[in-house]
Amino acid sequence: QVYLVESGGGLVQAGGSLRLSCAASGRTFSNNAMGWFRQAPGKEREFVAAITWSAVTAYYADSVKGRFTISRDNAKNTVYLQMNMLKPEDTAVYYCAAHKRRMPPTRNVAATQTEYNDWGQGTQVTVSS
């Protein structure tokens, strides 16, 4: 099992930036692709971004492409989500998760929540207009 702890959430004005971090412990971090998901009030949890174990490939939801960047540092067992040009509709609890595979072959596989074994507790991001 991988234990995941998110941090870096907070309140920011529209157009601003935040960087989320997800620290992992337990099973070897580099064995897994990693993903970020989010859940807004009253909505289902949705895919945001994912990155393969080697960071060669990243996948993004259309709603965040060009604004968000996922990255990882395997030496620090940490995955990041840099969020720029934030919008009020980005307001949500953000979760990181460990994928079952090292290299999800497609964005669909990377975005499927049942392909993730381990989840963090989430960090709140609020974007004011």
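# Notebook: a four-stranded sheet and its surroundings

I began with one strand pair: E3 and E8 run antiparallel to each other and are joined by six bridges. Before going further, a reminder to myself that this is a predicted model. To pin the register, I looked for one matched pair and found Ala23 bridged to Thr78 in E8.

**Entry: the sheet around that pair**

Next I asked which order the strands take in this sheet. I read E1-E3-E8-E7, four strands in an open sheet with antiparallel pairing. Strand E1 (2-7) and strand E7 (68-73) are the edge strands; each has a single partner, so one side of each has no neighbour in the sheet. On average, neighbouring strands here are turned by 20° against each other, direction ignored.

I then checked the E1 side. E1 pairs with strand E3 (residues 18-26) in the antiparallel sense, over six bridges. For the register, Val2 has Gly26 in E3 as its bridge partner.

On the other side, E7 and E8 also pair antiparallel over six bridges. I noted two register marks: Arg72 is bridged to Val79 in E8, and Thr69 stands opposite Gln82 in E8. E7 and E8 make a hairpin with four residues between them, and Asn77 in the turn has a positive phi of about 55°.

**Entry: the faces of E7**

Which side chains of E7 are buried, and which are not? The side chains alternate along the strand. Phe68, Ile70 and Arg72 point to one face and are buried. Thr69, Ser71 and Asp73 point to the other face and are not buried. I was pleased to see Arg72 listed on the buried face.

**Entry: E8 and Gln82**

Strand E8 (residues 78-83) has five of its six residues buried, so the rest of the structure largely encloses it. I picked out Gln82, which is in this strand. Is Gln82 buried or partly exposed? With a relative accessible area of 26%, Gln82 is partly exposed; the cut-off for buried is under 20%.

I listed the contacts of Gln82 beyond four places in sequence: Ser17, Leu18, Arg19, Arg67, Phe68 and Thr69. Phe68 is 14 residues away from Gln82 in sequence, yet their C-alpha atoms are 5.5 Å apart. The side chain of Gln82 also makes a polar contact with the side chain of Asn84, at 2.9 Å.

**Entry: Met83 and the core**

I moved on to Met83. Which residues touch the most other members of the largest nonpolar core? They are Trp36, Leu81, Met83 and Tyr94, in a core of 36 residues. Nonpolar side chains tend to be buried together in soluble globular proteins. Setting aside neighbours within four places in sequence, I found Met83 in contact with Gly16, Ser17, Leu18, Leu20, Arg67, Phe68, Tyr94 and Val125. Tyr94 is thus in the contact list of Met83 and in the group with the most core contacts.

**Entry: Ala24 in E3**

Back in E3, I looked up Ala24, which lies in that strand. Ala24 counts as buried, at 11% relative accessibility. Outside four places in sequence, Ala24 contacts Val2, Tyr3, Leu4, Phe29 and Asn77. I also took the C-alpha distance from Ala24 to Val79: 8.2 Å, for residues 55 apart in sequence.

**Entry: the disulfide**

How many disulfides does the whole structure hold? My search found one. Cys22 is joined to Cys96, with S to S at 1.9 Å. Cys22 lies in strand E3 and Cys96 in strand E9 (residues 92-99), so the pair ties together parts 74 residues apart in sequence. The torsion about the S-S bond is about 45°, so this disulfide is right-handed. Cys22 and Cys96 are both buried.

**Entry: His99 in E9**

I ended with His99, another residue placed in strand E9. His99 is buried, with a relative accessible area of 0%. Not counting residues up to four places away in sequence, His99 touches Asn32, Ala33, Pro104, Val109, Ala110, Glu115 and Tyr116. The side chain of His99 also reaches the backbone nitrogen of Arg101, at 3.0 Å.

How values were computed. Residues are numbered from 1 along each chain as its sequence is written. This is a predicted model: local features need pLDDT of at least 70, side-chain atom pairs count only at pLDDT 80 or more; totals for chains, interfaces and linings use all residues. Side-chain values use heavy atoms; hydrogens and water are left out. A nonpolar core is a set of buried Ala, Val, Leu, Ile, Met, Phe, Trp, Tyr and Cys residues joined through side-chain atoms within 4.5 Å. Buried means under 20% relative accessible area, exposed over 50%, partly exposed in between (1.4 Å probe, protein chains only). Contact means heavy atoms within 4.5 Å. Two strands pair if DSSP finds at least two bridges between them. Axes are lines fitted to C-alpha atoms, for helices over the stretch in contact, and angles run from 0 to 180 degrees between N-to-C directions. A disulfide is a pair of cysteine sulfur atoms within 2.5 Å. A polar contact is a pair of N or O atoms within 3.5 Å; within protein, one must be able to donate a hydrogen and the other to accept it, and residues adjacent in sequence count only if both atoms are side-chain atoms.
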